Amino acid sequence: MSKRRVIVCPPSGTGGRRVGIDGHTFRTAFSAHALTPFPQNVGLTGSNELEVVESGWIEWVAGGPEVWRG
């Protein structure tokens, strides 16, 4: 499997963070829990919220997985 560049963008003022893959917006997430099914969608592994946020395959910009409002 090739390494994908996954970025969770800074939180917006209304809540939610854009999630990008290889420079393209994939979706907007409103919690770390919302990222749980995300790995399977991009060919990565992770089965629960804790594994996803600690996996190292996400680059968190302007706040980690606990920050969802700007």
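**Exercise 1. State what share of the contacts in the protein chain with a separation of 6 or more comes from residues 24 or more positions apart.**

Solution. Contact means heavy atoms within 4.5 Å. Among the contacts with a separation of 6 or more, residues 24 or more positions apart account for 42%. The model is predicted: local features need pLDDT of at least 70, side-chain atom pairs count only at pLDDT 80 or more, and totals for chains, interfaces and linings use all residues. Residues are numbered from 1 along each chain as its sequence is written, and side-chain values use heavy atoms, with hydrogens and water left out.

**Exercise 2. Determine the order of the elements along the protein chain and the order of the strands in the sheet.**

Solution. Step 1: the elements are DSSP runs numbered from the N terminus, with helices (H or I) of at least four residues and strands (E) of at least two. The protein chain has 2 helices and 4 strands, and from the N terminus on they run β-β-β-α-α-β.

Step 2: find the pairs, where two strands pair if DSSP finds at least two bridges between them. Strand β1 (residues 6–8) is joined to β2 by 3 bridges, and the two run antiparallel. Between β2 and β3 there are 5 bridges, again in the antiparallel sense.

Step 3: assemble the sheet. The 4 strands form an open sheet in the order β3-β2-β1-β4, with mixed pairing. β3 and β4 are the edge strands, each pairing on one side only. From one strand to the next the twist averages 25°, where axes are lines fitted to C-alpha atoms, for helices over the stretch in contact, and angles run from 0 to 180 degrees between N-to-C directions.

**Exercise 3. Trace the bridge partners of Val19 and Ile21 on both sides of β2.**

Solution. Step 1: take Val19. Towards β1, Val19 is the bridge partner of Val8; towards β3, Val19 stands opposite Arg27.

Step 2: take Ile21. Val6 stands opposite Ile21, and the bridge partner of Ile21 in β3 is His24.

Step 3: check the cover of β2. Of its 5 residues, 4 are buried, that is, under 20% relative accessible area (exposed is over 50%, partly exposed in between; 1.4 Å probe, protein chains only). For the protein chain of 70 residues, buried residues make up 39%.

**Exercise 4. Locate two residues other than glycine with a positive phi and classify their accessibility.**

Solution. Step 1: recall the background. Most residues other than glycine have a negative phi.

Step 2: Asp22 has a positive phi of about 50°. Asp22 lies in the loop between β2 (17–21) and β3 (24–29), in a hairpin with 2 residues between the strands. Its relative accessible area of 38% makes Asp22 partly exposed.

Step 3: Ala62 has a phi near 60° and is found in the segment after β4 (58–60). Ala62 counts as exposed, at 54% relative accessibility.

**Exercise 5. Describe the surroundings of Trp68, starting with its ring pair.**

Solution. Step 1: the rings of Phe, Tyr and Trp (its six-membered ring) pair if their centres lie within 6.5 Å; planes under 30 degrees apart count as stacked, over 60 as edge-to-face and the rest as tilted. The structure holds 1 aromatic pair. The centres of the Trp60 and Trp68 rings are 6.2 Å apart and the planes are at 90°, so the pair is edge-to-face.

Step 2: Arg17 lies over the face of Trp68, 5.5 Å from the ring centre; the criterion is NZ of Lys or CZ of Arg within 6 Å of the ring centre and within 35 degrees of the ring normal.

Step 3: Trp68 is buried, with a relative accessible area of 14%. Phe30, in contrast, counts as exposed at 56% relative accessibility. Phe30 is found in the loop between β3 and α1 (38–41). Leaving aside neighbours within four places in sequence, Phe30 is in contact with Gly15, Gly16 and Trp68. Phe30 and Arg17 are 13 residues apart in sequence and 6.4 Å apart in space, C-alpha to C-alpha.

**Exercise 6. Identify the largest nonpolar core and the elements that give two or more residues to it.**

Solution. Step 1: a nonpolar core is a set of buried Ala, Val, Leu, Ile, Met, Phe, Trp, Tyr and Cys residues joined through side-chain atoms within 4.5 Å.

Step 2: the largest has 12 residues in all, including Val6, Val8, Val19, Trp60 and Trp68. β1, α2 (49–53) and β4 each give two or more residues to this core.
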